[in-house]
Amino acid sequence: MQFQKPRGTRDMYNEEVIIYRNIIKSLTQCAIKYNYQEFITPIFENAQLFLRAVGDTTDIIQKEIYQFNDKNDRLLALRPEGTAGIVRAIIENKLYKSKQTLKYFYYGSMFRYERPQKGRQRQFNQFGIETVGVKHPLVDVEVMMMALEMIKSFSIPNLTLNINYFGSNETKNKYQIALKEQLLNQSKQLCENCQIRVNVSPLRVLDCKICTKLNLEIPYLNVFLTNEEKTYFTTIINSLKNNKVNFIIDEHLVRGLDYYNGIIFEITTIDSRIGESQNTLLGGGRYDNLFNELGSPLKIPAIGFAIGIERLMLLLVENKNINKPPIIDLQIIALSELGLIMASDLLLQLRKENYHIDMEYNLYQDKNKSQIIDRSLAKNILFLKEKNQVSFYSFVKKEMIKLIFDTEQQLLSKVKNLLLEENEEYGKTL
């Protein structure tokens, strides 16, 4: 019997793994620059955690969550998103007692049972940021600017920052009541799913890919904001303008999770490789009530965002800075059995000194040297045949250097000196 991967999953190898790792590396470096620390949570949690955090009326909970009973009949679920697990961990480990703002990043696999599509599988990967313990409009701006910096670092064109502002839960609830009333008057225009959603969670209608294309009349959210909330949002807008950040205020923007309040945002792009319906690269917002909802004894404000890695990968296939494999310091090629023995000894010695070295255990002929040079991804190549037939090829100088030595220790010393020289020359060419 031949096995195949489950629908909605994928195998990543060769160039795809290189792109994935380079994306994670770039995002991690940016997060560390902003003084964020890595946080790792379990891939599965108590299913009630996601029911309480994400919202039982969302598509994620009603249609997409992977849940199962373990051998002790406990209901568990594979994580559909990362924020709930971070919040649970902060509460459980009492990290909220710290006097400082908590700043964490995470990345890993998430799971949602949905129709596989461009840039989104049933098992997919996210990189996320959470800023916990402080509420201020300038914090919101800093988080959005960090999100933009992360995405812009990949030189993706046609980026748009879309923002909306819900205010407090009280304001959000007042708006939902008015929205529901207005949508019910237009219910015949809504898709079949939204005709159900409008009674259960009217905000979901604004997140529907079908109904957002309709010319629906909806109440203006700004009318429901308190004076304090209007001042908060105005501060965000003015700060973004002062920092020369282009953005669009989109009152249809709601995000697909119930825990958001205050500022919410997305970064989108226009690119045929991911399609119009899956053009969101990053999404996030403020969630000041989630900690209380999940059992925190204190009211703890927080804001965060998550980036879809697979969508980025689709856009970066042709990016030479992302898909370029690592270049090793030296590739060793044996041209005889004696050369193979010498190569093995040399390989071990150089790796002990932290050189990035590889060798071929297959034997090659002298006449194949040019072919090996043409396809090599190393900075240098060492050809070993006999004691007096060893040569070092430099890609920087594009020349073959014959090595004369009496002992293997002398050979090691000569190779190390050449590697040192070549690495310095290679650095100058970058």
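Two strands are said to pair when DSSP finds at least two bridges between them. With that in mind, here are some close-up views of this predicted model.

**Figure 1. Strand 3 and strand 4 meet as partners in an antiparallel pairing.** Three bridges link strand 3 to strand 4 (residues 75-78). One bridge to look for joins Asn-69 to its partner Leu-75 in strand 4. As general background, the strands of a sheet pair through backbone hydrogen bonds, in a parallel or an antiparallel way.

**Figure 2. Three strands make an open, antiparallel sheet.** Follow the strands across the sheet and you will meet them in the order 2-4-3. Strand 2 (44-46) and strand 3 (67-69) are the edges, each pairing on one side only. On average, and ignoring direction, neighbouring strands here are turned by 35 degrees against each other. Helix 2 lies across strand 2, strand 3 and strand 4, and runs at about 80 degrees to strand 2.

**Figure 3. Helix 2 packs against helix 4.** What is the angle between helix 2 (residues 47-54) and helix 4 (residues 83-92)? It is about 110 degrees, and the axes are 10 Å apart. Angles of 65 to 115 degrees count as roughly perpendicular, so helix 2 and helix 4 are described that way. Helix 2 brings Leu-49, Phe-50 and Ala-53 to the contact, while helix 4 brings Ala-84, Gly-85 and Arg-88. Sorted by class, the residues in this contact are four nonpolar, one polar and one charged.

**Figure 4. Helix 1 has buried residues that pack against several neighbours.** Helix 1 covers residues 15-33, and its end C-alpha atoms are 27 Å apart, which agrees with the 27 Å that 19 residues should span. Its buried residues include Ile-18, Ile-23, Leu-27 and Cys-30. Among the elements they pack against are strand 5 (102-111), strand 6, helix 5 (137-152) and strand 11 (302-308). After helix 1 comes Asn-35, with a positive phi near 70 degrees.

**Figure 5. Phe-111 sits in strand 5.** Is Phe-111 buried or exposed? Its relative accessibility is 12%, so Phe-111 counts as buried. Residues touching Phe-111 include Ile-43, Tyr-66, Leu-78 and Phe-124. By contrast, look for Thr-226: its C-alpha atom and that of Phe-111 are separated by 38 Å, with these positions 115 residues apart along the chain counted as their separation.

**Figure 6. Gln-126 belongs to strand 6.** Strand 6 covers residues 123-132. Gln-126 is buried, with a relative accessible area of 9%. Among the residues Gln-126 touches are Glu-81, Tyr-106, Arg-120 and Ile-307.

Technical notes
Residues are numbered from 1 along each chain as its sequence is written. This is a predicted model: local features need pLDDT of at least 70, side-chain atom pairs count only at pLDDT 80 or more; totals for chains, interfaces and linings use all residues. Side-chain values use heavy atoms; hydrogens and water are left out. Helices (H or I, at least four residues) and strands (E, at least two) are DSSP runs, numbered from the N terminus. Buried means under 20% relative accessible area, exposed over 50%, partly exposed in between (1.4 Å probe, protein chains only). Contact means heavy atoms within 4.5 Å. The expected span of a helix is 1.5 Å times one less than its number of residues. Axes are lines fitted to C-alpha atoms, for helices over the stretch in contact, and angles run from 0 to 180 degrees between N-to-C directions. Angles under 35 degrees count as roughly parallel, over 145 as roughly antiparallel, 65 to 115 as roughly perpendicular and the rest as oblique. Ala, Val, Leu, Ile, Met, Phe, Trp, Tyr, Cys and Pro count as nonpolar, Asp, Glu, Lys and Arg as charged, and the others, Gly among them, as polar. Lists of a residue's contacts leave out its neighbours within four places in sequence.
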